[in-house]
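This report goes through one protein chain, beginning with a single residue and moving outward to the helices and the whole fold. Keep the structure in view while reading.

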Amino acid sequence: MPSNGSIGAFGVAVIAGVVEVLSRQATVIGHTYFEFGVETLGLFTLGASLGSVLVTPVGVFAAGYLIADSVDVARLYAALAFALFVGAALGTVLAQFALATTLGGEYGSLAQAGLAFLETGVSASLAVTVAGIAGLGTYAIRASTDGTDGRRQSAAVGE
């Protein structure tokens, strides 16, 4: 049975994966959907990149830090990392598929499409996982130095 922390991490990762794809495709989206001019398209792309910077490293780090409170044992950190990685991969693939179908994106072959989806999925998933694990690690270090979570640490050591 997955913990609430793993479910929360999965949800945050899916959102971060979608944001990563949207920021990578901001130029195409701005040009195709909104028919922006060059200046507006540049600002739109800059805003999408800023959104990506705020969501993936900062937002996922904060979520990882907050989720760490619901994780009791160190071995559950691996489950959280897995949930982050799979959630981000799922989010990127779904967003890429949605954009490809609505924008009419064409690939040279099925293999080329698969590699494009895989590259974006893996790179976004790794970024999301690293940010989330950094948040978990920061919480664990703070808890061990402050002694704020000593009950859980002593219980984990005894198992």
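Leaving aside residues up to four places away in sequence, Leu99 touches Val21, Leu22, Gln25, Ile29 and Gly104. The model shown here is a predicted one. Leu99 lies in helix H4. Is Leu99 buried or exposed? Leu99 counts as buried, because its relative accessibility is 10% and the cut-off for buried is under 20%. One of its contacts, Val21, is 78 residues away along the chain, yet the C-alpha atoms of Leu99 and Val21 are separated by 9.0 Å.

**The chain as a whole**

The protein chain has 6 helices and 0 strands. Read from the N terminus on, the order of elements is α-α-α-α-α-α. Of the 159 residues in the chain, 32% are buried. The chain exposes about 9,000 Å², and carbon and sulfur atoms supply 71% of that area.

How much of the contact in the chain comes from residues 24 or more positions apart? Among contacts with a separation of 6 or more, such pairs account for 80%. The pair Leu99 and Val21, 78 residues apart along the chain, is an example of a long separation in sequence.

**How helix H4 packs**

Two packed helices are described by the angle between their axes and the distance between the axes. Helix H4 covers residues 76-103, and helix H1 covers residues 4-24. H4 packs against H1, and H4 also packs against H5. The table gives the values for both pairs.

| Helix pair | Angle between axes | Distance between axes |
|---|---|---|
| H1 and H4 | about 35° | 6 Å |
| H4 and H5 | about 145° | 8 Å |

The crossing of H1 and H4 is right-handed. In the contact of H1 with H4, the residues divide into 16 nonpolar, 7 polar and no charged. The crossing of H4 and H5 is right-handed as well. Its contact residues divide into 18 nonpolar, 7 polar and no charged.

**Two more residues of helix H4**

Thr92 is placed in helix H4. Which residues does Thr92 touch, not counting those up to four places away in sequence? They are Gly17, Val18, Val21, Thr120, Gly121 and Ala124. Val21 is also among the contacts of Leu99. The relative accessibility of Thr92 is 0%, so Thr92 counts as buried.

Phe82 lies in helix H4 too, but Phe82 counts as exposed because its relative accessibility is 56%, and the cut-off for exposed is over 50%. Where is Phe82 relative to Phe10? The two are 72 residues apart in sequence and 8.6 Å apart in space, taken from C-alpha to C-alpha.

**The end of helix H1**

Ser23 has its place in helix H1. Apart from residues up to four places away in sequence, Ser23 touches Ala48, Ser49 and Ser52. With a relative accessible area of 13%, Ser23 is buried.

Arg24 follows, and the side chain of Arg24 meets that of Glu119 in a salt bridge, at 3.8 Å from N to O. Distant parts of the chain are linked by this pair: Arg24 is in helix H1, while Glu119 is in helix H5 (residues 110-146), 95 residues apart. How many salt bridges does the count come to? The count is 1.

Both partners are classed as partly exposed, because Arg24 has a relative accessible area of 39% and Glu119 has a relative accessibility of 46%. Partly exposed residues fall between the cut-offs for buried, under 20%, and exposed, over 50%.

**A loop residue**

Glu35 is placed in the loop between helix H2 (26-32) and helix H3 (38-67). At 66% relative accessibility, Glu35 counts as exposed. What is phi of Glu35 near? Phi of Glu35 is near 50°, which is a positive value in a residue other than glycine. Most residues other than glycine have a negative phi.

Definitions and conventions:
Residues are numbered from 1 along each chain as its sequence is written. This is a predicted model: local features need pLDDT of at least 70, side-chain atom pairs count only at pLDDT 80 or more; totals for chains, interfaces and linings use all residues. Side-chain values use heavy atoms; hydrogens and water are left out. Axes are lines fitted to C-alpha atoms, for helices over the stretch in contact, and angles run from 0 to 180 degrees between N-to-C directions. Helices (H or I, at least four residues) and strands (E, at least two) are DSSP runs, numbered from the N terminus. A crossing is left-handed if the near helix is turned anticlockwise from the far one by less than a right angle, and right-handed if clockwise. Ala, Val, Leu, Ile, Met, Phe, Trp, Tyr, Cys and Pro count as nonpolar, Asp, Glu, Lys and Arg as charged, and the others, Gly among them, as polar. Buried means under 20% relative accessible area, exposed over 50%, partly exposed in between (1.4 Å probe, protein chains only). Contact means heavy atoms within 4.5 Å. Accessible areas come from the Shrake-Rupley method with a 1.4 Å probe; for residues, only the protein chains shown count as cover. A salt bridge is a side-chain nitrogen of Lys or Arg within 4 Å of a carboxyl oxygen of Asp or Glu.
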